Amino acid sequence: MKKTLTPEERRVWAERLGLSEPYLYQCMTGFREMEPAKAVEVEVATNGVITRQMLRPKSWQRIWPELVK
């Protein structure tokens, strides 16, 4: 699993997902947290290129404990 995206990759994905690139970046860096249901939608829509763990780096373990390895 790739842990980061280049700025260009973020821009392309944000456009495809109907999100702003700054918002996507802020979620991926932990400055903001995407709603859990939206994070799952993004993960599914990107076939795992962007994961819910990437979008909620500070709290994903608490929300989805079944994903902790």
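## Helices, rings and one tyrosine

In this predicted model, helix 1 (residues 7-17) and helix 2 (residues 21-28) have axes that come within 8 Å and cross at roughly 115 degrees.

**Exercise 1.** Work out how helix 1 and helix 2 are oriented to each other, and what handedness their crossing has.

*Solution.* Start with the angle, which is roughly 115 degrees. Angles from 65 to 115 degrees count as roughly perpendicular, so that's how helix 1 and helix 2 sit relative to each other. Next, the handedness: the crossing of helix 1 and helix 2 is right-handed.

**Exercise 2.** Find which residues of helix 1 and helix 2 meet, then sort them by character.

*Solution.* On the helix 1 side, look for Arg10, Arg11, Trp13 and Ala14. Their partners in helix 2 are Glu21, Leu24, Tyr25 and Met28. Sorting the residues of this contact gives five nonpolar, three charged and no polar.

**Exercise 3.** Which rings have a charged end of Arg over them?

*Solution.* Take Trp13 first: Arg16 lies over its face, 4.8 Å from the ring centre. Then go to Trp64, where the charged end of Arg52 sits over the ring at 5.1 Å from its centre. As for aromatic pairs, don't go hunting: the structure has zero.

**Exercise 4.** Place Tyr23 and list its contacts beyond four places in sequence.

*Solution.* Tyr23 belongs to helix 2. With neighbours within four places set aside, Tyr23 touches Arg32, Glu33 and Met34. Now check Val12: Tyr23 and Val12 are 11 residues apart in sequence, with their C-alpha atoms 13 Å apart in space.

How values were computed. Residues numbered from 1 in each chain as written. Predicted model: local features only at pLDDT ≥ 70, side-chain atom pairs only at ≥ 80, totals over all residues. Heavy atoms only, no water. Phe/Tyr/Trp six-rings, centres within 6.5 Å; stacked < 30°, edge-to-face > 60°. Lys NZ or Arg CZ within 6 Å of the ring centre and 35° of its normal. Axes fitted to C-alpha atoms, helices over the stretch in contact; angles between N-to-C directions. Helix = DSSP H or I, 4+ residues; strand = E, 2+ residues; numbered from the N terminus. Parallel < 35°, antiparallel > 145°, perpendicular 65-115°, else oblique. Left-handed = near helix turned anticlockwise from the far one by under 90°. Contact = heavy atoms within 4.5 Å. Nonpolar A, V, L, I, M, F, W, Y, C, P; charged D, E, K, R; others polar.
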